[in-house]
Amino acid sequence: MTTQPVVVPAERPSPGSDARLIDESLFTSEGEMTLRGGRCPTCATTTFPAQRGCPRCGAQDMEPVALPSRGTLWSFTIQNFEPKAPYRGSGDFEPYGVGYIDLGDVIVESRLVENRPQDLVIDAAMSLVLVPAFADPDGTTVLTFAFQREATK
Amino acid sequence: MNVAVVGIGLHRFGRTPGVSGREQGAVAARQALSDAGLQWSDMQFAFGGSYDAGDADSLVSDLGLTGLQFINVKNGCATGGSALTASCNAITSGRYDLGIVIGFDKHQPGAFNMDPATLGIGSWYGESGLMLTTQFFAMKI
């Protein structure tokens with residue numbers, strides 16, 4: 001498990017706080033904050049991030065859709081060394097998990113809170129959180145989306 | 001119409017300090033011409049490419065300014081296959097009889113570090129650590 005602070009559940013940084021989202025367009029802007037995808041009104045194909053053209057049928061009018069905040073782990077790996085730029089670290093490198101989360105209509109690539117293979121298993125229930133990715137030069141914490149394994153009952 | 005490979009050349013694969021990828025491409029091209037018993041001036045067209053080691057068409061400076069049509073191909077790991085496909089199409093079209101396909105490269109050690117903008121993805125993707133060789137070659141396949 002990462003030692004970095006995790007925002008659970010994912011919520012928008014409050015105005016005036018010392019944190020911001022890495023890219024506003026990745027997230028819904030109203031209601032419960034979840035990932036913002038795109039859905040094709042013609043063939044129902046769903047993408048993340050949202051995009052204008054449909055990758056399946058070529059329609060050009062995909063509509064924003066709030067994606068579910070819970071899904072299952074489809075595949076994963078652990079990044080054990082610091083990537084080169086354009087990666088922006090937050091100081092001392094700590095290994096991090098990367099995986100694909102099956103959200104039903106779309107499979108989303110994401111950071112994972114867990115960073116040890118023994119803590120992850122395919123098909124595990126996962127939920128959306130925010131993790132610090134790096135800091136702006138002025139010290140603002142930049143948050144990105146991640147998925148965290150749900151506690152087993 | 002059948003299209004045939006009539007000569008091949010290869011610079012020995014390796015780190016090869018002091019020899020640029022582009023220079024290795026010229027070595028391979030000369031070997032292929034020799035293997036086929038042909039001259040550079042016999043080549044009617046060329047397709048070639050490199051990701052990190054220069055523009056393939058600049059090899060005309062080393063091999064000869066014969067005025068041949070040299071088209072650069074830039075298709076990542078598929079550059080060689082794409083150049084070969086384009087050459088086959090050029091010959092089967094009836095426009096040409098004889099040409100050359102040249103691919104070469106030389107990368108810095110370690111993982112690739114592409115800019116996600118080249119794939120139409122936002123900068124957040126690389127900055128947050130998702131632009132990874134591991135996921136390209138393992139999880140996505």
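These are my notebook entries on a predicted model with chains A and B.

**Ground rules**

I'm working from a predicted model, where local features need pLDDT of at least 70, side-chain atom pairs count only at pLDDT 80 or more, and totals for chains, interfaces and linings use all residues. Residues are numbered from 1 along each chain as its sequence is written, while chains are lettered from A and ligands numbered from 1 in the order in which they are written.

**Entry 1: chain B overall**

I began with the secondary structure of chain B, using DSSP runs numbered from the N terminus (helices are H or I, at least four residues; strands are E, at least two). Chain B has 5 helices and 3 strands. Along the sequence I read the pattern α-β-α-β-α-β-α-α. The C-alpha trace of chain B spans about 50 × 35 × 25 Å along its principal axes.

For burial I use C-beta atoms placed from the backbone: a residue is buried with 20 or more other C-beta atoms within 10 Å of its own, exposed with 12 or fewer, and partly exposed in between. Of the 141 residues in chain B, 25% are buried. Contacts are pairs whose C-beta atoms, placed from the backbone, lie within 7 Å. Taking contacts in chain B with a separation of 6 or more, I find that residues 24 or more positions apart account for 64%.

I also noted the domain split, with bounds from an automatic or database domain assignment. Domain 1 of chain B covers 1–109 and domain 2 covers 111–141. Their centres, taken over C-alpha atoms, are separated by 29 Å.

**Entry 2: the strands of chain B**

Next I looked at β1(B), where 4 of the 5 residues are buried, so I'd call the strand mostly covered by the burial cut-off. I count two strands as paired if DSSP finds at least two bridges between them. β1(B) runs parallel to β2 of chain B (residues 69–72), with 4 bridges joining them. In that pairing, B:G48 stands opposite B:N72. β1(B) also pairs with β3(B) in the parallel sense, over 5 bridges. There I found B:F45 opposite B:G99.

**Entry 3: helix α3(B)**

Which residues of α3(B) are buried? I get B:T79, B:A83, B:S87 and B:A90. Seen down the helix axis, the buried residues fall within an arc of 70° (taken over the directions from the axis to the C-beta atoms), so they line one face of α3(B). On the other side, B:N89 and B:T92 are exposed. The cover over the buried residues includes β1 (45–49) and β3 (99–103) of chain B.

The helix itself is residues 79–92, 14 in number, and it reaches 20 Å from first C-alpha to last, close to the 20 Å expected at 1.5 Å a residue. That expected span is 1.5 Å times one less than the number of residues. Just after the helix, B:G94 takes a positive phi of about 90°.

**Entry 4: where B meets A**

I counted 18 residues of chain B in contact with 20 residues of chain A. On the chain B side, the elements giving two or more residues are α4 (123–127) and α5 (133–139). By class, I get 7 nonpolar, 9 polar and 2 charged residues on that side. Here Ala, Val, Leu, Ile, Met, Phe, Trp, Tyr, Cys and Pro count as nonpolar, Asp, Glu, Lys and Arg as charged, and the others, Gly among them, as polar.

**Entry 5: the β3–β4 loop of chain A**

Is A:R52 buried or exposed? A:R52 is exposed, because just 9 other C-beta atoms lie within 10 Å. This residue sits in the loop between β3 (46–47) and β4 (63–66) of chain A. Leaving aside neighbours within four places in sequence, A:R52 is in contact with A:Q60 and A:M62. A:D61 lies in the loop between β3 and β4 too, and counts as exposed with 11 C-beta neighbours inside 10 Å. A:P49 is in that loop as well, and a cis peptide bond joins A:F48 to A:P49, with omega about -5°.

**Entry 6: backbone oddities**

A second cis peptide bond that I logged joins A:V8 and A:P9, with omega about -15°. A:P9 lies in the segment before β1 (19–21) of chain A. Two positive phi values caught my eye: A:A44 is at about 70° although not a glycine, and B:T16 is at about 50°, again not a glycine. A:A44 is in the loop between β2 (36–39) and β3 of chain A, and is exposed, with 11 other C-beta atoms within 10 Å. B:T16 lies in the segment before α1 (21–36) of chain B, and is partly exposed, with 13 other C-beta atoms within 10 Å.

Definitions and conventions:
Contact = placed C-beta atoms within 7 Å.
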